[in-house]
Amino acid sequence: MLIYVESKVFPSKTFVLLVNHMDTIARARAHMLHILYELGKSDHQFRFRFKGTYLRDAYTFEDYKIMDSSVIKMVPMAKSRHEIFLDSNSTSRKGQTLEEIDKQTKNKKNGKDSFIDEVQTALFKEVGIFNRRETLIAVFRVLLWIHFLAIFLSLVTVYPYSCTWVAAIAAYGLWFCPNYTRISGYVGGHSISKDYFLATFFFGMLINLAANITMGVFLLQDALQHGCAEFKGDCSHMNIWSIICYFGHGLFLVMTMVLIVILYFNFKVEVGDIIEYYLVQNKDVTKVLRLAKVGRLKERRNAAFELASLAATGEDAKKKIVDNDGLQVLMTLALCSDETTQEYATEALAELLTVSQIQDQFIEIGGARTLCALLHSNSQRLMNEAVMAISYIVADSDTNKHALVAEDGLYDLASAARKAPSQAGQIIAGIYLELSFNPEIRAQLASDSTSASALIHLIKSKDDETKRLGLQTLELLAIENPEFVVTRDDLLTYLIEVPFNSADDQLCLLSGKILLYYAETPETCDQLIAQSGFKDGLLQLAYNPDPVLQSVVAKIILATLENCENRQDVLAVGIIEVLAYLHDNCLDREAWEMAEKAIDTLHGYTMKIKKNGSLSDKPGSSDGSSSSGGPPSTLDSTDKKKL
């Protein structure tokens, strides 16, 4: 597939990479390095970014869901010492070719002023291999023309018919020989497999060599038996010429076969093989960590990037970093003053913390405090990586959860929730849910108003998954302490509006369950009934065919009838319409019975009004006194029968 690469460094250029969906990002970087090499910009300090996400070397295009014809950004990193050297010496290097500059670079490799690094070394190795391939194919073509010349020479030998197989193999080689240049790669109209071509041509060369040796040996034996006192008979000029021709041609056949073997191994190297091996597998962790500790700002930034890339390659790489005290180094980098270095270091920590053993070690050295501090960053990418790392450490361990809370993590999470982007907000909502599964932390959360405000902010996001996680957390906390939710007026307004704003069944069910706590609490029941849209919201929930949700609606209505100050208010909002719908359409027996009970309760209330002329019916009162003074709203027997 084709991938287009854009960069602000080259505003007038769009680079095109031909890759496979299973290729790693490291291999794509290698392709890009070769392009930059041709432009005289062989420095490797850049990263790829797609839709705001930096791409890690060990991941594939499929992992990131990058499709054909996608556009990715090439983001330059810190300027390397190589570039600084080239810039500072641009005057003295003026007029030099790229090969001359690279030669000077290689000569300084082991010197005191060395500025070349391993990636550039790998790049130069690959370029050398491809230059050598181009030369070898050129030599191969020269040998093919020599074999073509041997066709005509074979016509004047003792066995002129030998030219037939020489012609066949020479024509096959000239026709299917691959054309290659380092810049353009393989070109030409013939696309048979290179390995297949080399194997078949080698076999043809072997047959030719066997024939030449056989014919030459026969003629040589005859000449030796003759004695060759004079050039006649078996020692004629033609026989002697034939011996020289067959053995001479045989020598070129051997040379061609050796060249085929060399080409076979050379063809095995593809663009990016050596560079990818370094980027993904063979980084010197000790050297990278040393630069991260004592290097200059740019070196520490690059080291943090390399550690993030290495941590994504697998369990062995993670273990290697941790064994070399990499956790402490990354924690230091994550709290440095350079935001880019912080992002790379936190990204590396998030990768390392996917391993449970590393999580325990990280908590022991105070890593929770580091992550909590990073939650206050203004960088969205840094916050994303920090909350991702926290989500890993709280997922499976109650000890880690308590360690996070002990470091004032609840306050830090609440602060991050208010300014988190969509992706980070979803993760924070998941963290709250994980924390609420622990009884002790749940009790602490249920009495924390700051956490309540943060959760309400999260459920108001545009992401349904964030809403779901937030509402699940609120439900758990309401079980622990109903006052945690019923004292929040802004939450009540939001819950009433959920059925109108979302078609997600689970969100509607969760909002209905939390509304039930308002209905069951006498202090908030009247507030719920007076809420604008209360009846319409319940009716919208009742329309849902889910029997569990219909049962929740029936429970809310029964709870309001039991806990409201004046049942006249319930009748006034038109709640009978919701009951009528449930009575006629609900699929759950329990929900139907609750709807029937609510209808009977309201019917009894209207009968009492008719009998006593009272408008008030506070639960438990028998006098039916009214303070409203308005006209009664009654449910007569006709309405009862209709229901």
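Here is a short walk through a few features of this structure, which is a predicted model.

Let's start on the surface. Nine names are worth finding in your viewer: Trp-145, Phe-148, Leu-149, Phe-152, Leu-153, Leu-155, Val-156, Trp-241 and Ile-244. Together they make up a nonpolar patch, with about 870 Å² of accessible area between them. Which helices does the patch draw on? Both α4, covering 118-154, and α7, covering 237-267, put in at least two residues each. The largest share belongs to α4, with 5 residues.

Now pick out Trp-241, the patch member that sits in helix α7. Is Trp-241 buried, exposed or something in between? Its relative accessible area is 32%, and because the in-between class runs from 20% to 50%, Trp-241 counts as partly exposed.

Back to α4, which also pairs up with another helix. Helix α5 spans residues 163-176, and its axis comes within 9 Å of the α4 axis. The two axes cross at roughly 155 degrees. Angles over 145 degrees count as roughly antiparallel, so that is how α4 runs relative to α5. As for handedness, the α4 and α5 crossing is left-handed.

Finally, jump along the chain to helix α20, residues 439-445, where you'll find Glu-440. Glu-440 has a relative accessibility of 57%; the cut-off for exposed is over 50%, so Glu-440 counts as exposed. Try looking from Glu-440 across to His-402: they are 38 residues apart along the chain, and their C-alpha atoms are separated by 8.9 Å.

Conventions:
Residues are numbered from 1 along each chain as its sequence is written. This is a predicted model: local features need pLDDT of at least 70, side-chain atom pairs count only at pLDDT 80 or more; totals for chains, interfaces and linings use all residues. Side-chain values use heavy atoms; hydrogens and water are left out. Patches are made of residues with over 30% relative accessible area and no salt bridge: like charges are joined within 9 Å, nonpolar side chains (Val, Leu, Ile, Met, Phe, Trp, Tyr) within 5 Å. Accessible areas come from the Shrake-Rupley method with a 1.4 Å probe; for residues, only the protein chains shown count as cover. A salt bridge is a side-chain nitrogen of Lys or Arg within 4 Å of a carboxyl oxygen of Asp or Glu. Helices (H or I, at least four residues) and strands (E, at least two) are DSSP runs, numbered from the N terminus. Buried means under 20% relative accessible area, exposed over 50%, partly exposed in between (1.4 Å probe, protein chains only). Axes are lines fitted to C-alpha atoms, for helices over the stretch in contact, and angles run from 0 to 180 degrees between N-to-C directions. Angles under 35 degrees count as roughly parallel, over 145 as roughly antiparallel, 65 to 115 as roughly perpendicular and the rest as oblique. A crossing is left-handed if the near helix is turned anticlockwise from the far one by less than a right angle, and right-handed if clockwise.
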